[in-house]
Amino acid sequence: VSRTDAVTRILFEAFPTAEVRLFYALGYTAIGIFCWGVYVQIRKYRRGTALALPGSVRARVGDMIGKVLSHRTVDRRDHAAGGAHRLIFYGFALLFLGTATITLQYDILEPLFGIRFWQGKFYLIFSLVLDIAGVAMLGGLLYMMYRRGWMKLPKLDYARPDRSPGDPDFDRPQYRREDWAFLWTLVIIGFTGYFLEAARLVWLQARPDVWDTRWWSPVGAAIAEGLGSLGLTAHGGGVLRLSLWWFHGLLALIFIALIPFTKVKHIFTAAASLMVRDPLAAQRLPRVPEAQATPGISKITDFTWKQLLNLDACTKCGRCHEACPARAVGAPLSPRDVILSLREFANATLESGTLPPAAELEVHGKSPGQVAMETLWSCRTCMACVEICPVAVEHVPIIVQMRRKLVEDGAMDPLLTKTLQTIHKTGNSFGESKRKRGAWTKVLPFKVKDARKEPVDVLWFVGDYASFDPRNQKVTQIFAALLHEAGVDFGILYDGESNAGNDVRRVGEEGLYEVLAESNISALAGATFNTIVTTDPHSYNTIRNEYPDFGGKYEIQHYTSFLKKLFADGKLEVGRPLGFRTTFHDPCHLGRFNKGYEAPRDLLRIVGCELVDMKRSRDNSFCCGAGGGRIWIPDPVGSEKPAQNRIREAAAIPGLEVYVVSCPKDLTMFEDALKTTGNEGKFVVKELIELVREAVPVRQAQALLA
Amino acid sequence: MKILVAVKQVAALDEDFEIREDGRDVEEEFLVRDLNEWDDYSLEEAVKIKESSSDPVEVVVVSVAPEEADESLRKCLAKGADRAIRVWDDGVEGSDSVAIARVLAAVAKAEGPDMLFAGVQSSDQTFASTGIATAAFLGWPHAAVVSSLDYSPGAKSAVFRRELEGGLLHEVEIQCPAVLTIQLGINTPRYASLRSIKQAAAKPIEVKTLADLALSAGDVGESGSHSRVRRMYIPDKGRAQLIEGDAATQARRLAQIIREFKGDAT
């Protein structure tokens, strides 16, 4: 072989034939184990129920590739981890591709077609790129070790809020061992790679094609210089190279073989999970299929294949754990632990050759791997977990589907049982007569049209809290006066309207939700209107995202964007800029659920308020604790409520005058929390509608609104 | 083994109700219907006994009511009753609790249950007599206001407890078959999900007439009743007022009020 034009990678040079054969045998074994593992995983997912994914595969793949390459989702709310992971990802990907192309030439193209490309300039540039990739990967890995070992981040603590110390699955030390084994394995593979490269250089220092081009592998060359100066001879280099070669190679093969059985599989599962993501996972919950005998999830085999894949995608990054309002106030729920428990359960039951008997597939309960009902009932379905998950795990539909089973069994708080019965009986959660739904209009000096009797431009879907809660009724009346002032042709459904069902659905009472949705859709069908407006983000969400599945397709706006437009069109004018120092609480169902972040902030600007956002705002807004039916379930006495936690956050804003909300339930929750946290008198809680009213001179309803 | 549970769909007042023209009841459109709260507990007690029994137990609910009560009967079926019987005949209209009991007793004779449960009372009429009157027609032992029960289906006797005044508990043994009227709080009634109620809609409700039970028109309605509602009305609100001022002022005002009340001109 000509040594001058064929600068190339030294592979098996000086290997006895037997050792080359042994290496290939081990390599095929590793690949065999890998393939077996992949088969077992796929078999596991296929034991879930069927699910057809909407949308084009091409769009899904494109979306996934965009997210993986940009690391956009990994970067959010933790740029350091995102940056380090990006280094590991690109480093690992380049090293893998590099190694793969060696195989491509050496084992496929050259023996079959005589094609060689791993030589000359190409090899040298590749050599340089891979050396840099190795540095990137090791840098990222070392930072991750620092993070796990020294930073002590609460989100990386596996202690569970739903278990007690001493429980077998309290803090799951096996996860910590796996994390460290993973990091160390890659770090050792990386470092031995460089030393192997250096040893090879020392060994072949007499060969100009190797030695003269050594600085194309700068890290290896530098180590080689160091080893040389420490007295390593060419012979010693050869011996070291052979032993390091085997060590590095075996470790890499073990790594490959174990991918499907360890957290390393997230390389595949996370990408696949991103690909099958449902952008409306929490906003539009799945219906119960007609053919399903029992509603919701009872057994591990009731999960869809996609949900089982979701479980495997989790990387324990802890972002959902950190964002969860239930976890933050000490409730026995961490979305991370729900996912991990179910994953452990799925692995224990669905990876075996034959499926265990049905009794062993029950996922509800208190044993390791099972999820307790206290955990499921702690969820506020605020979507903070789904929204922040970097790998598109969809916790909320899983929790709600598990709750459906609890509701069917009646395993819920007695007060919630009562509320559901009340809603069934009266169509509202207050237990008030249907007739009284429009009673709040009686004090108005003008008549609010009955949209069932005459056509209107704007149909106002009022919702339960805005209709019946005395404090919220005042806001409702103000909003009516503002619409009247602006000359809007609007009407309501009076007793034709029922609870919109958003929270009933999130409780898991799907049958009652269907009744409510169908009743409202038929009431809406009897009215003539162009658009729907609501002051209630919960009603807004379900009408916007879920009613279409029941045949109700409407144009609907939350009042914030509607009022903003009235100002833009000159229908409303600010008479007196308010000049308050305010902060704004993004309601889950307006913000995270429906991306309505800007309209309320624009309105605050329009009425002349200064806005100081809390640290947890917009997509990271902290739920008031009322969602998912929790407004009907009492919080445990003595523990902090999410609304109190939130008010304390706001209280830290210097000079805060008004804590602004734009959701009826928020008004109730935060006025209460303002009192119970002792912040009464320091600042006030107000509906944005009330601020708009203060800034707009309302002529017609002056007396009422004074 | 069989337990018969007598249930009633009661009426609750809606806001701003009006009295019917004949002055003997509330106008129909102002009433909201639901299963009587006590019956929820007696049904739950029967279903619990069924579920904890190793022998098969049939729970049958029965109501003497027009078709609108089917909604409540379906709820019972959703909660675990195996069968539902509804007895109706236009002549039943106007029956008092004794006449209703006569019909229930006829159903019990036809069904031959090991035990008959009823609620202590209905929340709309509050006579608290239907269950006990049924026992009288059947000639069975009976007990009212049962707050805890030990009963194995098929056993010759049952032991129950009743709460007495002063925090005392009464433990009583009773021969079966018997009629027990069940008190609130004896158990925690289960939730009937809308889904289970919808599924129960597929189960048939057996509708029986008086003829099916060998009863005649004279056994029910006003002729079969021992009492009759004369009128239903809202009593005049009591008037109270706080008299302020010193003793002399208060006395003067009091005297004036007494005179006004007597009708004396002042």
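Q: What does contact mean when two chains meet, and how many residues does each chain contribute here?

A: Contact means heavy atoms within 4.5 Å. In this predicted model, 23 residues of chain A and 17 residues of chain B take part in the contact.

Q: What area is buried between chain B and chain A, and which residues of chain B lose the most?

A: About 1600 Å² is buried between the two chains, and carbon and sulfur atoms give 49% of that area. On the side of chain B, the residues that lose the most area to chain A are Tyr191(B), Leu194(B) and Arg195(B), which together make up 46% of what that side buries.

Q: How many salt bridges are counted between chain B and chain A?

A: The count between them is 3. Among the pairs that form a salt bridge is Glu29(B) with Arg435(A), whose closest N and O atoms are 4.0 Å apart.

Q: Which parts of chain A does the salt bridge of Glu510(A) with Arg404(A) link?

A: Over all chains, the structure holds 80 salt bridges. In the one between Glu510(A) and Arg404(A), the closest N and O atoms lie 3.2 Å apart. This pair links distant parts of the chain, 106 residues apart: Glu510(A) belongs to helix H22 (residues 510-525) and Arg404(A) to helix H17 (residues 395-409).

Q: How should the packing of helices H6(A) and H9(A) be read: parallel or antiparallel?

A: Angles over 145 degrees count as roughly antiparallel. Helix H6 (residues 173-203) and helix H9 (residues 234-258) of chain A pack at about 155 degrees, with axes 8 Å apart; H6(A) and H9(A) are therefore roughly antiparallel. Their contact comprises 17 nonpolar, 6 polar and 2 charged residues, and the crossing of H6(A) past H9(A) is left-handed.

Methods
Residues are numbered from 1 along each chain as its sequence is written. Chains are lettered from A and ligands numbered from 1 in the order in which they are written. This is a predicted model: local features need pLDDT of at least 70, side-chain atom pairs count only at pLDDT 80 or more; totals for chains, interfaces and linings use all residues. Side-chain values use heavy atoms; hydrogens and water are left out. Axes are lines fitted to C-alpha atoms, for helices over the stretch in contact, and angles run from 0 to 180 degrees between N-to-C directions. Helices (H or I, at least four residues) and strands (E, at least two) are DSSP runs, numbered from the N terminus. Angles under 35 degrees count as roughly parallel, over 145 as roughly antiparallel, 65 to 115 as roughly perpendicular and the rest as oblique. A crossing is left-handed if the near helix is turned anticlockwise from the far one by less than a right angle, and right-handed if clockwise. Ala, Val, Leu, Ile, Met, Phe, Trp, Tyr, Cys and Pro count as nonpolar, Asp, Glu, Lys and Arg as charged, and the others, Gly among them, as polar. Buried area is the accessible area (1.4 Å probe) that two parts lose on being put together, summed over both. A salt bridge is a side-chain nitrogen of Lys or Arg within 4 Å of a carboxyl oxygen of Asp or Glu.
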